[in-house]
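Reader: I would like to learn how to read a protein model feature by feature. Could you walk me through one?

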Amino acid sequence: VILLPFFGNGALNTAEEKNYVGDMLRELAPEAERAGVTLGLENTISADDNVRIMDRARSKAVKVYYDIGNSTRNGFDVPREIDWLGKNRICQFHFKDNPGYIGEGKVKFREAVEAISRIGFEGFANLETDSPSKDVQADMRRNLAYVRKTMQEIQET
């Protein structure tokens, strides 16, 4: 998976920019398909807009690299988007609840993981977290323990 970030000066703000990305990916994606590479779109736009880009690209190599923190911050209904996208349009996840610890901020983490479980996603999720205590190892352990505990609880229900 190659993450394609669209933030800051590269953010997708207009329909023209989104169309341009879809068109460029239509040209690049066949090479990615031949190489067995997935091109993962990470951005701050809705699942609907991402699917329009993927539809325009016309390639199974173009998928969403879904960031639950970005989507929450931008006002999207994360569980609904995950359910709607389904496992075949998501290549990976970013888990975060910055600036604090996962599960202690605005992200409805349990609901997001329940949606991930519902769609049968079995790929990777990466922690993309801040370090509130400034002890990166301790904060990573804490976040990872919370993620594992939540996933275990969901599997048991």
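**Reading the model together**

Author: Gladly, and let us start with one helix: the buried residues of α2 are Ala47, Asp49, Asn50, Val51, Ile53, Met54 and Ala57. Keep in mind that this is a predicted model.

Reader: What covers the buried residues of α2?

Author: The cover includes α1, β2, β3 and α4. Just after α2, Arg58 takes a positive phi of about 55°.

Reader: How should I read the strands around that helix, and which way do β2 and β3 run?

Author: Look for the bridges and for the direction of each strand. Here β2 and β3 run parallel and are joined by three bridges, with Gly40 standing opposite Lys63 in β3. Together, β2, α2 and β3 make a right-handed β-α-β unit.

Reader: How many bridges join β1 to β2?

Author: Four bridges join strand β1 (residues 2-5) to strand β2 (residues 39-42), and these strands run parallel. The chain crosses from β1 through helix α1 (residues 15-35) to β2 in a right-handed β-α-β crossover. Gly40 in β2 has Leu3 opposite, and Gly40 also stands opposite Lys63 in β3.

Reader: Which way do the residues of β2 point, and are they buried or exposed?

Author: Leu39 and Leu41 point one way, Gly40 and Glu42 point the other way, and all of them are buried.

Reader: How do I read a nonpolar core?

Author: The general idea is that, in soluble globular proteins, nonpolar side chains tend to be buried together. In this model the largest nonpolar core has 37 residues, and those with the most contacts inside it are Leu25, Tyr66, Ile68, Ile82, Phe93 and Phe95. The elements that give two or more residues to this core are α1, β2, α2, β3, α4 (78-85), β4, α5 and α6.

Reader: Let us take one core residue, then. What does Ile82 touch?

Author: Leaving aside residues up to four places away in sequence, Ile82 touches Tyr66, Ile68, Ile90, Phe93, Ala112, Ala115, Ile116 and Ile119.

Reader: I am used to thinking about charges. How many salt bridges does the structure hold?

Author: It holds eleven. A helix is a good place to begin: an α-helix has 3.6 residues a turn, so residues three or four places apart point the same way. In helix α1, Asp23 and Arg26 are separated by about one helical turn because they are three residues apart. Their side chains meet in a salt bridge, 3.3 Å from N to O.

Reader: Where does the other partner of Asp23, Arg56, sit in the chain?

Author: Asp23 also forms a salt bridge with Arg56, the closest N and O atoms being 2.6 Å apart. That pair links distant parts of the chain, with Asp23 in helix α1 and Arg56 in helix α2 (residues 47-57), 33 residues apart.

Reader: Why does Asp23 count as partly exposed?

Author: Partly exposed covers relative accessible areas between the buried limit of 20% and the exposed limit of 50%. Asp23 therefore counts as partly exposed at 25% relative accessibility. Arg26 is partly exposed with a relative accessible area of 30%, and Arg56 counts as partly exposed at 30%.

Reader: Asp67 and Lys96 form another pair. Are these residues buried or exposed?

Author: Both Asp67 and Lys96 are buried. Their side chains meet in a salt bridge, 3.0 Å from N to O. This pair links distant parts of the chain, with Asp67 in strand β3 (residues 62-67) and Lys96 in the loop between β4 (90-95) and α5 (109-118), 29 residues apart.

Reader: Which residues are linked in a network of salt bridges?

Author: Arg110, Glu114, Lys149 and Glu153 are linked in such a network.

Reader: And how should I read a buried charge such as Asp139?

Author: Check for a partner of opposite charge. Asp139 lies in helix α6 (residues 136-156). It is buried yet has no salt bridge, and the nearest side chain of opposite charge, Arg142, is 5.8 Å away. Not counting residues up to four places away in sequence, Asp139 touches Tyr101, Ser131, Pro132, Ser133 and Lys134.

Reader: What about the segment after α6, where Thr157 has its place: is Thr157 buried or exposed?

Author: Thr157 counts as exposed because its relative accessibility is 77%. Thr157 and Ser131 are 26 residues apart in sequence and 31 Å apart in space, C-alpha to C-alpha.

Notes:
Residues numbered from 1 in each chain as written. Predicted model: local features only at pLDDT ≥ 70, side-chain atom pairs only at ≥ 80, totals over all residues. Heavy atoms only, no water. Buried < 20%, exposed > 50% of the residue type's maximum accessible area, 1.4 Å probe, protein only. Lys, Arg positive; Asp, Glu negative; His and termini not counted. Salt bridge = Lys/Arg side-chain N within 4 Å of Asp/Glu carboxyl O. Contact = heavy atoms within 4.5 Å. Pairing = 2+ DSSP bridges. Right-handed = clockwise from strand over helix to strand, strands pointing away. Core = buried A, V, L, I, M, F, W, Y, C linked by side-chain atoms within 4.5 Å.
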